[in-house]
Amino acid sequence: MYGTENNRDDSERTAFRRSEKKYKLYYDYNASSKNKKKKQPKPVDLAEVLDFRSILECYHQNAVLPSGVIVLHDKFTSPVFALQNRPGFYFIPGALSIEKQCSLIRESLTDFPQPPNRTNHNALYGPIQDVFVAAKEGKLLVEDNSPITSSETYADIDHRDDKEWKFTTEKDMSLRKCRTVSASVLLRKLRWSTLGLQFDWSKRNYDVSLPHNKIPEALCELSKQLAKPALPGGVEFRPDAAIVNYFGLGDTLGGHLDDMEADWSKPIVSLSLGCKAIFLLGGKSREDTPLAMFLRSGDAVLMAGDARECFHGVPRIFTDKENAEIGHLETRLTHEDDICFLKYIQTSRININIRQVF
């Protein structure tokens with residue numbers, strides 16, 4: 001997504017773009033003894049990255065905070081950090097228990113991408129059932145020449161031909177006459193899914209006419225509790241939409257604004273699961289130098305009011321064992337039924353953003 005700027009001098013880039021480039025994953029290619037190129041991640045300077053876990057530990061030990069960081073106690077059971085120069089931004093380190101993290105990882109891979117919820121795969125394949133289970137079972141998605149059923153909406157078939165797709169385990173000669181894609185490839189290319197009210201990316205707005213499942217009650221209640229530090233007393237967060245983002249090695253989320261909701265005074269509640277990431281929080285212009293901070297599995301971020309007008313993005317996730325920091329998940333996801341979830345999350349990050357649309 002950044003290829004168009006490869007030949008641009010740093011002086012031509014915005015401050016936000018320079019920070020993205022600073023933390024993005026790049027490789028050094030070194031010739032091995034067998035004369036084959038072997039890539040190694042280039043080292044990155046992380047000295048300026050805010051670490052709220054370390055800030056929390058220091059605060060518990062001696063009640064000292066870095067300059068510009070403040071703490072709130074009155075609206076939550078554990079410390080909530082805010083930034084003096086970014087009003088409306090709140091960081092809750094370790095907001096989710098290990099049990100809740102594991103539960104949300106399972107739901108994000110099995111339940112949340114299920115139709116009528118939409119994913120990035122809808123444009124090519126229409127609604128697809130049980131991608132994660134199909135990947136686990138080694139299935140193939142096969143083009144079916146039968147006509148589209150009347151139950152499939154025009155929104156589902158938009159941007160694709162009049163073919164249906166179905167999963168199969170068959171590997172006979174007949175498949176050579178059909179287009180196929182493995183379920184494991186579809187899982188790795190899963191980039192987003194939507195919960196509750198569905199966001200129409202082509203219109204860049206919510207489409208209340210699209211069929212959808214409501215956000216699960218447990219996730220609604222969790223987001224209501226987490227949103228309290230960002231709301232005045234007596235005001236309740238009413239979640240009715242969510243976007244789940246899936247990141248693999250090398251994936252990024254470019255600087256952007258979340259500006260499609262009607263009331264920006266209501267927070268976006270953002271939950272991090274899986275591998276550690278770097279989050280950039282900029283200002284109201286891309287020319288404002290962003291703050292970089294670590295996001296770990298279980299952390300929650302709130303953005304409300306002025307912070308909703310701040311550019312933000314994710315230029316890097318860490319999937320190597322030394323930096324991913326998912327040992328607590330590896331020790332918990334040990335049951336036979338959980339191994340497939342563990343293998344996925346060892347090289348991935350999931351982010352759930354819950355919103356009040358109206």
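Me: What makes residues 1–7 a stretch to treat with care?
Reply: This is a predicted model, in which local features need pLDDT of at least 70 and side-chain atom pairs count only at pLDDT 80 or more, while totals for chains, interfaces and linings use all residues. Over residues 1–7, pLDDT (the predictor's confidence in each residue, from 0 to 100) stays under 50. The model has 11 contacts (heavy atoms within 4.5 Å) beyond four places in sequence for them. Where pLDDT is low, the predicted coordinates should not be read in detail. Residues 147–160 also stay under 50, with 27 such contacts.

Me: What is the mean pLDDT of the protein?
Reply: The mean is 88, and 87% of residues reach 70 or more. Residues are numbered from 1 along each chain as its sequence is written, and side-chain values use heavy atoms, without hydrogens and water.

Me: Why is a set of residues called a nonpolar core?
Reply: Its members are buried Ala, Val, Leu, Ile, Met, Phe, Trp, Tyr and Cys residues joined through side-chain atoms within 4.5 Å. Buried means under 20% relative accessible area (1.4 Å probe, protein chains only). The largest such core here has 56 residues, and Leu109, Leu271 and Ile350 are among those with the most contacts inside it. Beyond four places in sequence, Ile350 touches residues including Leu109, Val244 and Leu271.

Me: How do you know that His256, Asp258 and His312 gather at one spot?
Reply: UniProt lists them for "binding site" in an unreviewed entry; such annotations may be inferred rather than shown by experiment. They span 57 residues in sequence, yet no two of their C-alpha atoms are more than 8.9 Å apart, so they gather at one spot. Beyond four places in sequence, His256 contacts Cys310, Phe311 and His312.

Technical notes:
Buried < 20%, exposed > 50% of the residue type's maximum accessible area, 1.4 Å probe, protein only.
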